[in-house]
Amino acid sequence: MASNLLSRILGLVRDAVIGAMFGTTLHTDAYVISFRIPDLIFYLVAGGAFSSALIPVFTEYLAKDDEEGAWETFSTVATVIGSVVIGLVALVFIFAEPLTPLLAWGKPSEIFPEVTFMGRILLPAQIFFLIGSLCFATLYSKKQFVVPGLGPNLYNLCIIFGAVWISQFVSPGVIGMCWGALIGAFLGNVIVPVLAVRKVGMKFRPSFNVRHPGASKVFRLMIPVIFGLSLPQVLAFLNNWLCNHYPKGTNTAIDYANKLQQAPVAVFGMAMALAAFPALAEFWTKNERKAFVAQFTRTLTTTAYLCLPIAAVMLTVPDEIVRIFFERGKFTPESTALTAPLLQAFAVGLLGWSLAPIVMRGFYATQETVKPIVIGTIATVFYLAFGFVIKFTGMPAYAVALSSSITGILLVWSLLASLRKRIPEFGFQPVLSSVGKTVAAA
C-alpha cells in the first residue's frame with residue numbers, strides 16, 4: 001500500500017506537471033488518445049489478469065514443495081504470452097495509421113498524425129510491461145511486495161522527465177512524454193524486477209510446452225480473468241472514446257478526473273487486493289474456509305473504511321481538489337471547470353471500483369473465473385447502452401462519468417451476491433455493518 005501510495009502521489013505530480021506545461025488542448029487530447037491501444041494491449045494481456053491467473057497455480061506448486069513444476073509453468077506461460085504480445089505490438093505498429101481515425105473518431109483530423117506517431121512510440125513499452133508482470137507475479141507468490149511497487153514510480157518519474165526536458169527538443173512538446181514513458185517502462189519493468197527475481201531463484205527456460213498441466217491451467221484461468229480484471233480499464237477507454245464529440249479538452253479533462261478517482265482505487269483497493277490475494281489462494285488450497293472468509297471480509301471492510309471518506313470529499317469539494325492538484329501554468333480555471341463535474345460523477349462509484357478488484361480476486365483465489373466474466377460482460381453491455389443514450393441525446397460529459405460509477409456499484413454488488421453462493425460461510429452482515437458506519441462518518 002505504501003509503494004502504491006508513492007506511485008499515485010508521483011502520478012498526481014506527473015499530471016500536475018503535464019497540466020501546467022500543456023493545459024487541456026487538442027495536443028493533450030491527442031496524447032491521451034495515443035495511449036488507448038497500447039494501454040488496451042497491456043490490460044488485456046500483460047496486466048492484472050496475467051498475475052491473477054499465474055499466482056494461484058504458482059502458489060499451488062510452491063505449497064506442494066514442487067519448485068521445478070512452478071518454474072516450468074512460469075517458463076511456458078512467459079514464452080507463449082511473450083510471443084503473443086510481440087505479435088500484437090508488431091501488427092498494431094504496422095496498422096497504426098488506419099486505426100487512428102477509429103480511435104479519434106469525432107476529433108479534428110489535424111491531430112491524427114500526432115496520435116499515430118505517439119502511439120508507435122508507446123507500443124514497444126507493452127513488451128516491457130509483460131516482462132514486469134511476469135516478474136511481479138513471481139514476487140507476489142513469494143510474498144515480496146516492495147520491488148513491484150518501484151516499477152510504477154520509475155515510470156512516472158521518467159514521464160515527468162519527458163515533460164520537463166525531452167519536450168524541449170520535440171514538436172509538439174507532448175511527444176516528449178511518450179519518450180519518457182518508453183524509457184520508464186524499460187527501467188521499471190525490465191531492469192529492476194529482473195534483478196529482483198534472480199535473487200529469489202528464478203529458473204526461466206524458453207518453452208512452448210502448452211500441455212504442461214500448470215501452464216494449461218494458467219491459460220484456462222487467464223482467458224476469462226482478462227475480461228474480468230480489465231473491465232475498469234476498458235470502461236476508461238470507452239469513457240474517453242465517448243467524449244470525442246465534446247469540445248476540445250474534454251478527453252484530457254475526463255482523463256484527469258478518472259486518474260484522481262483511480263488514485264484511491266489503486267492505493268487502497270488494488271493494493272489490498274494484491275496483498276490479500278496470495279493468502280486467499282493459500283487458504284483455499286489448504287481448505288481453510290474460515291481463514292479465507294475472515295481475510296476476505298477484513299480486506300473489504302478496511303478498504304471501504306479508507307475509501308468512503310475520500311469519496312465524500314470528492315463529492316463535496318471537487319473544484320478545490322482539481323484546483324489544488326492541477327490549476328497552474330496552462331491548466332486554467334476553465335480547465336478546472338471542465339474537470340470538476342467529471343470528478344464529482346466519478347466519486348459516486350469510488351467504493352464500487354475499489355471493492356471490485358478484491359471481490360474479483362476472491363473468485364480467482366478459488367480458481368473460479370467464469371462467473372466474474374459473465375457478470376462483467378453484463379455490466380459492460382449496460383454501460384455501453386447507457387453511453388450511447390448519453391451520446392445521442394446530447395447529455396453533458398459528466399453523464400458519461402456517472403454511468404461508469406453506476407456500473408461499478410452494480411458490478412460489485414452482483415459479484416458479492418454470486419460469491420456468497422459459492423462460499424456460504426461468507427456473510428453480508430459484517431460488511432454492511434462496517435460500511436454503514438463508515439458512510440455515516442463520511
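**Exercise 1. The loop between helix 9 and helix 10**

Pro-172 lies in the loop between helix 9 (146-164) and helix 10 (175-199), where helices are DSSP runs of H or I with at least four residues, numbered from the N terminus. The model is a predicted one, in which local features need pLDDT of at least 70 and side-chain atom pairs count only at pLDDT 80 or more, while totals for chains, interfaces and linings use all residues. Residues are numbered from 1 along each chain as its sequence is written, and side-chain values use heavy atoms, with hydrogens and water left out.

Task: determine which form, cis or trans, the peptide bond from Ser-171 to Pro-172 takes.

Solution. Step one is to read omega, which is near -5 degrees for the bond from Ser-171 to Pro-172. Step two is to assign the form, and this peptide bond is cis. For background, most peptide bonds are trans.

**Exercise 2. Helix 13 and the residue that follows**

Task: describe how helix 13 is covered, where helix 13 bends, and what phi Asn-287 takes just after this helix.

Solution. Begin with the cover: 30 of the 36 residues of helix 13 are buried, buried meaning under 20% relative accessible area, exposed over 50%, and partly exposed in between (1.4 Å probe, protein chains only). Ala-275, which is found in helix 13, is partly exposed, with a relative accessible area of 42%.

Next, take the axis: helix 13 bends by about 40 degrees at Ala-266, the bend being the angle between axes fitted to the seven residues ending at a residue and the seven starting there.

Finally, move past the end of the helix, to the loop between helix 13 and helix 14 (289-316), where Asn-287 is found. Asn-287 has a positive phi of about 60 degrees although it is not a glycine, and at 57% relative accessibility this residue counts as exposed.

**Exercise 3. The largest nonpolar core**

Task: find which residues touch the most other members of the largest nonpolar core, and which helix gives the most to this core.

Solution. First fix the term: a nonpolar core is a set of buried Ala, Val, Leu, Ile, Met, Phe, Trp, Tyr and Cys residues joined through side-chain atoms within 4.5 Å. The largest such core has 136 residues, and those touching the most other members are Tyr-31, Met-177, Phe-296, Leu-300, Phe-326, Val-359 and Phe-426. Helix 13 (residues 250-285) gives the most to this core, with 14 residues.

Then follow one member outward: leaving out residues up to four places away in sequence, Tyr-31 touches Ile-18, Met-118, Ile-159, Val-174, Met-177 and Cys-178, contact meaning heavy atoms within 4.5 Å.

**Exercise 4. Val-80 and its partners**

Task: decide whether Val-80 is buried or exposed, and state which residues Val-80 contacts beyond its neighbours within four places in sequence.

Solution. Start with the location of Val-80, which is in helix 5 (residues 67-94). With a relative accessible area of 17%, Val-80 is buried. Setting aside the neighbours within four places in sequence, the contacts of Val-80 are Ser-207, Phe-208, Val-210 and Phe-219. For Val-210, which is 130 residues apart from Val-80 along the chain, the C-alpha separation is 8.1 Å.

**Exercise 5. The largest cavity**

Task: give the volume of the largest cavity and the character of the residues in its lining.

Solution. Define the search first: on a 1 Å grid over the protein atoms alone, a cavity is a set of points where a 1.4 Å probe fits but cannot get out, and lining residues have an atom within 4 Å of a point. Grid points are joined across faces, edges and corners, and a volume is the space filled by probe spheres set on the points.

The search of the whole structure finds four cavities of 30 Å³ or more, and the largest has a volume of about 100 Å³. Its lining has 13 residues, of which Ile-37, Ala-96, Leu-103, Val-115 and Gly-119 lie nearest the centre. Helix 3 (36-46), helix 6 (96-103) and helix 7 (112-122) are the elements that give two or more residues to this lining.

As the last step, sort the lining of the largest cavity into eight nonpolar, four polar and one charged, with Ala, Val, Leu, Ile, Met, Phe, Trp, Tyr, Cys and Pro counted as nonpolar, Asp, Glu, Lys and Arg as charged, and the others, Gly among them, as polar.

Methods:
1 Å grid on protein atoms, 1.4 Å probe; cavity = no way out; pocket = protein on both sides within 12 Å on 5 of 7 lines; lining within 4 Å.
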